[in-house]
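Biologist: I am new to this structure and would be grateful for a close look at a single helix and its setting. Please take me through it step by step.

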Number of protein chains: 2
Amino acid sequence: MSATQEIDSYHHGNLRRALIGTALNALEQDGPAALSLRGLARSVGVSATAVYRHFANKDDLLAAIATEGFEGLSAEMTARLAQEPNADTLRRLVILGEGYVNYAVAHPAHYRLMFGKRMVERAAYPTLSKAAAHSYGMLEQAVADAVASGDLPAVPVPLLSTLAWSLVHGLSTLSNDGLLNDKQLPASAELGKTFTHMLATALKHLAQPAE
Amino acid sequence: MSATQEIDSYHHGNLRRALIGTALNALEQDGPAALSLRGLARSVGVSATAVYRHFANKDDLLAAIATEGFEGLSAEMTARLAQEPNADTLRRLVILGEGYVNYAVAHPAHYRLMFGKRMVERAAYPTLSKAAAHSYGMLEQAVADAVASGDLPAVPVPLLSTLAWSLVHGLSTLSNDGLLNDKQLPASAELGKTFTHMLATALKHLAQPAE
DNA sequence: TCGCAATGTTAACGATGTAAACACTGCCGC
DNA sequence: GCGGCAGTGTTTACATCGTTAACATTGCGA
């Protein structure tokens, strides 16, 4: 692996990475239905069963990809937070939401995989669980901070977090599935921004007694 | 078809209905991955390719099932509305949300199918599109009524609707995917009710200027 | 240098979606 | 009443897929 040129020097080297990489491309390009282990192996120029040297089975591969997805999601949110170090707790919450939605609409197939039916058995893949929990933890932490500082009313943090997560998750999936058809809806590039105002106002006034 | 006993008298009769029915059972019972045309035909006691007399292909079958799902969803919401004829506009909105979430968690596999990846090409199935649009229309109408009556601030109806839909859809999918793990979260039976308070308060105060 | 462990390969199995050609059957017009 | 046609179902066949088992290669460490 020393003499070969630059990127992937599989054939001897990092087949694993090459597989994940091409899988991701195929995913975003042709949708998740078009992703087959054999086709993948074909694309990489390797035997069909070589895949099994690196992944126990298809679900294992998908779990690895999903894991990278959550890592990317966390990274996106972290990066955005870092750009605005002096944001108050509410603003931080909003930034997280923006990052979340933006990541989701930027990587629709990847996002779908992360929450796809095959991933329900997430428990079987500890790394995946960790990565997912970390993403969620960022959100929950931000909510907790906002509650602690009094910027958000003293509603149980898990409930508030669930509400916020439902919002961004719902908006992301609806957008990705093309169900937000009308002209009245913001272009995906601005989806995060538009969502921002909604979330901010909703959260700000949440849990003041309704009646 | 005259001499046979009672329900399905396929073999000559309504194979189509029998297929959809058993497919639904299999769906809710063993998850969507376990649903194969051949297995389905086997269960019904018919040849594998008989299915193609009634459905162009697997997607066509799934579209039919998804269509019935949206019809069921609309029916659920309609029924709940009917139970409370004097509800004001906000209360009606809340009832819709409750009905939505309850239907989703009561039929997880069905709900997942309705929004599954295979359904992205919804446009190819006009009946499906109609059914889905009708469900959404109920929500949008309720939002419009609330805005018109002044119970909801004069924010563009599509945006408000999207927000509400995102909430219920996000909550439903997260719950169905088992991602709302903690004890702090309401049992699925009460998910709709708990959600109610969140939604009501959030909507009530939405779009009052945040700053 | 030998050998082992990592990595790939070929061959094979069962299951699946789907197409093509053929068979039954009950109704419709003559 | 009957002949044929349309609707419905069957058998056969094919390509593809996920996965297993047995075998081959190869490079690194003792």
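Modeller: Two residues are in contact here if their C-beta atoms, placed from the backbone, lie within 7 Å. With that in hand, one may turn to helix α1 of chain A, bearing in mind that this is a predicted model.

Helix α1 of chain A covers residues 15-30. At 1.5 Å a residue, its 16 residues should span 22 Å, and the end C-alpha atoms are 22 Å apart, which agrees. Which residues of α1(A) are buried? They are Ala18(A), Leu19(A), Ala23(A) and Leu27(A). Seen down the axis of α1(A), the buried residues fall within an arc of 165°, so they line one face of the helix. Against what do these buried residues pack? Their partners in chain A are α2 (37-44), α3 (58-83) and α5 (108-114). The face of α1(A) turned away from the buried side carries Asn25(A) and Gln29(A), which are exposed. Just after the helix comes Gly31(A), with a positive phi of about 80°.

The helix belongs to a chain whose secondary structure comes to eight helices and zero strands. Of the 211 residues in chain A, 36% are buried. Among contacts in chain A with a separation of 6 or more, 67% join residues 24 or more positions apart.

Chain B offers a buried residue that can be examined in a similar way. Val51(B) is located in the loop between α2 and α3 (58-83) of chain B. Why does Val51(B) count as buried? A residue is buried if 20 or more other C-beta atoms lie within 10 Å of its own, and Val51(B) counts as buried because it has 23 C-beta neighbours inside 10 Å. Leaving aside residues up to four places away in sequence, Val51(B) touches Leu19(B), Leu37(B), Leu40(B) and Ala41(B). By contrast, 37 Å separates the C-alpha atoms of Val51(B) and Glu98(B), which are 47 residues apart along the chain.

Leu37(B) also appears in the surroundings of DNA strand C. There are 18 residues around this strand, the closest being Ser47(A), Ala50(A), Ser36(B), Leu37(B) and Asn57(B). Helix α2 (residues 37-44) of chain B gives the largest share of the surface near DNA strand C, with three residues. By type, the residues of that surface comprise seven nonpolar, eight polar and three charged.

Conventions: Residues are numbered from 1 along each chain as its sequence is written. Chains are lettered from A and ligands numbered from 1 in the order in which they are written. This is a predicted model: local features need pLDDT of at least 70, side-chain atom pairs count only at pLDDT 80 or more; totals for chains, interfaces and linings use all residues. Helices (H or I, at least four residues) and strands (E, at least two) are DSSP runs, numbered from the N terminus. The expected span of a helix is 1.5 Å times one less than its number of residues. A residue is buried if 20 or more other C-beta atoms lie within 10 Å of its own, exposed if 12 or fewer, and partly exposed in between; C-beta atoms are placed from the backbone. The arc is that of the directions from the helix axis to the C-beta atoms. A residue is near a molecule or strand if its C-beta atom, placed from the backbone, lies within 6 Å of it. Ala, Val, Leu, Ile, Met, Phe, Trp, Tyr, Cys and Pro count as nonpolar, Asp, Glu, Lys and Arg as charged, and the others, Gly among them, as polar.
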